[in-house]
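The following exchange considers how computed values are set against definitions to justify the terms applied to a structure.

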Amino acid sequence: VSTQSTWEAKATFIMRTVVELIVLFVISFMPKRVHQNPDLNIIIHLDESEEQSDNVPQVGRGVYGKNSQNVGKCKEDKCMENGKCIEMTFINKLHKCSGKCLQAESACNGKCQYGYCMSGQQCINEYNNNMYECDGKCMTLEKPCNGKCTHQNYCKLKNKCKLNHWYVKDDEGQQLKSCDGECIDKSEKCNGKCEDYECEMEDGSCFISDKTKRKWKHCDGKCIRTSSKCNGQ
């Protein structure tokens, strides 16, 4: 009798679990409605469909308090065009200005979006045109901005901005690196020190170990032969 009662209890538990799962499954496909939490005094507005949430500005969408500022606004990654929320993507090149959609070439309150600079009356892509922004205007990468080469990976040499990658040679065949914004030869020290990625040779010059031939390696900032031990190791 005891064994039979145990099996009946297990069967009842399994049946109840299955019924609960079925109920939860059915509820998940039912229309969502507004739910209020009286303890927290907030209202959670749930969308009726994905189509509505993607295209229509949501009034009170999300979790808001009494003084919500998000009423009638699109999501962070969307802008409003003809009463609809449009996703801003790399393809359509839209950006947001006071909540509304603008083309990438259009300025917002006189300013271009990130990655664009002003050329004449329109914004142009900095990367595609080898430009960078200087005081709100487009400047070619080779020209300093207010006497400085502020663009990443460029340093100043003879009032011109030069690419400072150590593995790239400039028009004169030099391999440069930056030292406080000024260009120096890749073998020179900057403020009396070699860079962290360099080691110091016996003649005092800086050297980047050859990853293909692997003749040299770092040892406390100095260059030693790969066959030599560093601190006994």
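A residue is called buried under 20% relative accessible area, exposed over 50%, and partly exposed in between. The model discussed here is predicted.

Q: Why is Asn-153 called partly exposed?
A: The relative accessibility of Asn-153 is 32%. Partly exposed covers values between the 20% and 50% cut-offs, and Asn-153 therefore counts as partly exposed. Asn-153 belongs to the loop between β11 (137–140) and β12 (154–157).

Q: What makes Lys-162, Leu-163, Asn-164 and His-165 contacts of Asn-153?
A: Contact requires heavy atoms within 4.5 Å. With neighbours within four places in sequence left aside, Lys-162, Leu-163, Asn-164 and His-165 are in contact with Asn-153. As for Ser-178, its C-alpha is 8.0 Å from that of Asn-153, and the two residues are 25 apart in sequence.

Q: Why is Asp-180 called exposed?
A: Asp-180 has a relative accessible area of 63%. The term exposed applies over 50%, so Asp-180 is exposed. Asp-180 is found in the loop between β14 (176–179) and β15 (182–185).

Q: What is noted about the phi of Asp-180, and what about the phi of Asn-130?
A: Asp-180 has a positive phi of about 55°, although it is not a glycine. Asn-130 is not a glycine either, and has a positive phi of about 55°. Asn-130 lies in the loop between β9 (122–125) and β10.

Q: Is Phe-207 called buried, partly exposed or exposed, and why?
A: The value for Phe-207 is a relative accessible area of 26%. Buried would require under 20% and exposed over 50%; Phe-207 is therefore partly exposed. Phe-207 lies in strand β17, which spans residues 206–207. Leaving aside neighbours within four places in sequence, Phe-207 has contacts with Glu-198, Cys-199, Met-201, Trp-216 and Cys-223. Phe-207 and His-218 are 11 residues apart in sequence, with a C-alpha to C-alpha separation of 9.8 Å.

Q: Which term fits Lys-186, and why?
A: Lys-186 has a relative accessible area of 30%. Between 20% and 50% the term is partly exposed, so Lys-186 is partly exposed. The loop between β15 and β16 (199–200) holds Lys-186. From Lys-186 to Phe-207 the C-alpha distance is 7.8 Å, and the sequence separation is 21 residues.

Q: What makes a set of residues the largest nonpolar core, and which residues belong to it?
A: Members of a nonpolar core must be buried and joined through side-chain atoms within 4.5 Å. The largest such core has 7 residues: Tyr-132, Cys-134, Leu-141, Cys-145, Cys-149, Tyr-154 and Cys-161. Tyr-154, leaving aside neighbours within four places in sequence, is in contact with Leu-141, Cys-149 and Cys-161, as well as Lys-162, Leu-163 and Asn-164. In soluble globular proteins, nonpolar side chains tend to be buried together. In this protein, buried residues make up 24% of the 233 residues.

Q: How large is the largest pocket, and which residues are closest to its centre?
A: The largest pocket has a volume of about 410 Å³. Its lining comprises 17 residues, and those closest to the centre are Gly-115, Tyr-116, Glu-126, Tyr-127 and Met-131. Two or more lining residues come from each of β8 (116–119) and β10 (131–134). β8 gives the most, with 3 residues.

Q: How does the lining of the largest pocket divide by class?
A: The lining has 8 nonpolar, 6 polar and 3 charged residues.

Q: How many helices and strands does the protein have, and how much area does the protein expose?
A: The protein has 2 helices and 19 strands. About 17600 Å² is exposed, and carbon and sulfur atoms supply 52% of that area.

Terms used:
Residues numbered from 1 in each chain as written. Predicted model: local features only at pLDDT ≥ 70, side-chain atom pairs only at ≥ 80, totals over all residues. Heavy atoms only, no water. 1 Å grid on protein atoms, 1.4 Å probe; cavity = no way out; pocket = protein on both sides within 12 Å on 5 of 7 lines; lining within 4 Å. Points joined across faces, edges and corners; volume = space filled by probe spheres on them. Helix = DSSP H or I, 4+ residues; strand = E, 2+ residues; numbered from the N terminus. Nonpolar A, V, L, I, M, F, W, Y, C, P; charged D, E, K, R; others polar. Buried < 20%, exposed > 50% of the residue type's maximum accessible area, 1.4 Å probe, protein only. Areas by Shrake-Rupley, 256 points an atom, 1.4 Å probe, with all protein chains shown as cover.
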